[in-house]
Amino acid sequence: MLDSPSSQNARPASLDDTDLAMLAELERNGRLTNAALAARVGIAESTCTQRLRSLRDRGVIRGFGAEIDPAALGLTLQALITVRLGTHGREQIRDFEQRVRSLPSVLTAFHVAGADDYLLHVAVESAAALRELVLEHLTTHPHVRHVETQLVFEVLEGAGMVPSGAPRSA
C-alpha cells in the first residue's frame, strides 16, 4: 500500500556480493529454508542466519508474505486509477491516504509527482464493482478533483529488485 515515512528517507544499504546473492535467491523464492539459502549462496547456515537478521534490521528486507492472485479470489478485473487532488495540504493528503488505505480493492497506491497525485492499482470482481469504487469511494471524496481509470489487460513480471550484475547461483 502506501510506504511508511521511514522508507521515504531511506539511504541505499551497503551490500556485498553475498548479500546480493541472498537477496536474488529470496526474490526468486521467499520460502527457501535457511539451510537451502546458505547452500545456494555458499555460506554456513549460522552466517546466513546472521546476514538475514542484519538485512531485516537494516530494513533491506521489509518482510515476507504470500503473493496472492486476485483472480483466485474472484477479483478478475484490475485497473490503474490516477487521482488528482484539488488541494494539497498535509491534512488533505493524510485524509485521502486514510480513505485509500481503508479500501480493500486497492492492491497498491503510489503518491506520485506530475499532473496526477496518486496512482492506484486495484482489483475488483466486475465492471460494476469498479464503477462503484470510483463513484462511491473516490470521486465523492471532498479533496478529489479528477479521476481517470485504465483497465489492466495483463500484469507482466519485472526482472526484480536485485541489480542485474548481482551474483546468482546456478
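**Notebook: a walk through the chain**

Read along the sequence, I get the pattern α-α-α-α-β-α-β-β-α-β. I tallied the elements next: 6 helices and 4 strands. I note here that the model is predicted.

**Entry: the whole chain**

I looked up burial. The chain has 170 residues, and 31% of them count as buried. Then I checked the surface. About 11,200 Å² is exposed, with 51% of that area supplied by carbon and sulfur atoms. I also looked at contacts between residues at least 6 apart in sequence. Of these, 68% join residues at least 24 apart.

**Entry: H3 and H4**

I picked two helices that pack together. Helix H3 covers residues 34-41, and helix H4 covers residues 45-57. How far apart are their axes, and at what angle do the helices pack? I found 9 Å between the axes and an angle of about 100 degrees. Angles of 65 to 115 degrees count as roughly perpendicular, and H3 and H4 are therefore roughly perpendicular to each other.

Which residues make the contact? On the H3 side I listed Asn 34, Ala 35, Leu 37 and Ala 38. On the H4 side I listed Glu 45, Cys 48, Thr 49 and Leu 52. I sorted this contact by class: 5 residues are nonpolar, 2 are polar and 1 is charged.

**Entry: the loop between them**

I stopped at Ala 44, which lies in the loop between H3 and H4. Why does Ala 44 count as partly exposed? Its relative accessibility is 41%, and the partly exposed class runs between 20% and 50%. I also took a distance from Ala 44 back to Asn 34. The two are 10 residues apart along the chain, and their C-alpha atoms are separated by 9.6 Å. Asn 34 is already in my notes, as one of the H3 residues in the contact with H4.

**Entry: aromatic rings**

I searched for aromatic pairs and found 1. The partners are Phe 96 and Tyr 118. Their ring centres are 4.8 Å apart, and the planes stand at 50 degrees, so I wrote the pair down as tilted. For the cut-offs, stacked needs planes under 30 degrees apart and edge-to-face needs over 60.

Where do the two rings sit in the chain? Phe 96 is in helix H5, residues 90-101. Tyr 118 is in strand E3, residues 118-124. They are 22 residues apart, and the pair links distant parts of the chain. Are the two residues buried or exposed? Both Phe 96 and Tyr 118 are buried.

Note on methods: Residues numbered from 1 in each chain as written. Predicted model: local features only at pLDDT ≥ 70, side-chain atom pairs only at ≥ 80, totals over all residues. Heavy atoms only, no water. Phe/Tyr/Trp six-rings, centres within 6.5 Å; stacked < 30°, edge-to-face > 60°. Buried < 20%, exposed > 50% of the residue type's maximum accessible area, 1.4 Å probe, protein only. Axes fitted to C-alpha atoms, helices over the stretch in contact; angles between N-to-C directions. Parallel < 35°, antiparallel > 145°, perpendicular 65-115°, else oblique. Contact = heavy atoms within 4.5 Å. Nonpolar A, V, L, I, M, F, W, Y, C, P; charged D, E, K, R; others polar. Areas by Shrake-Rupley, 256 points an atom, 1.4 Å probe, with all protein chains shown as cover.
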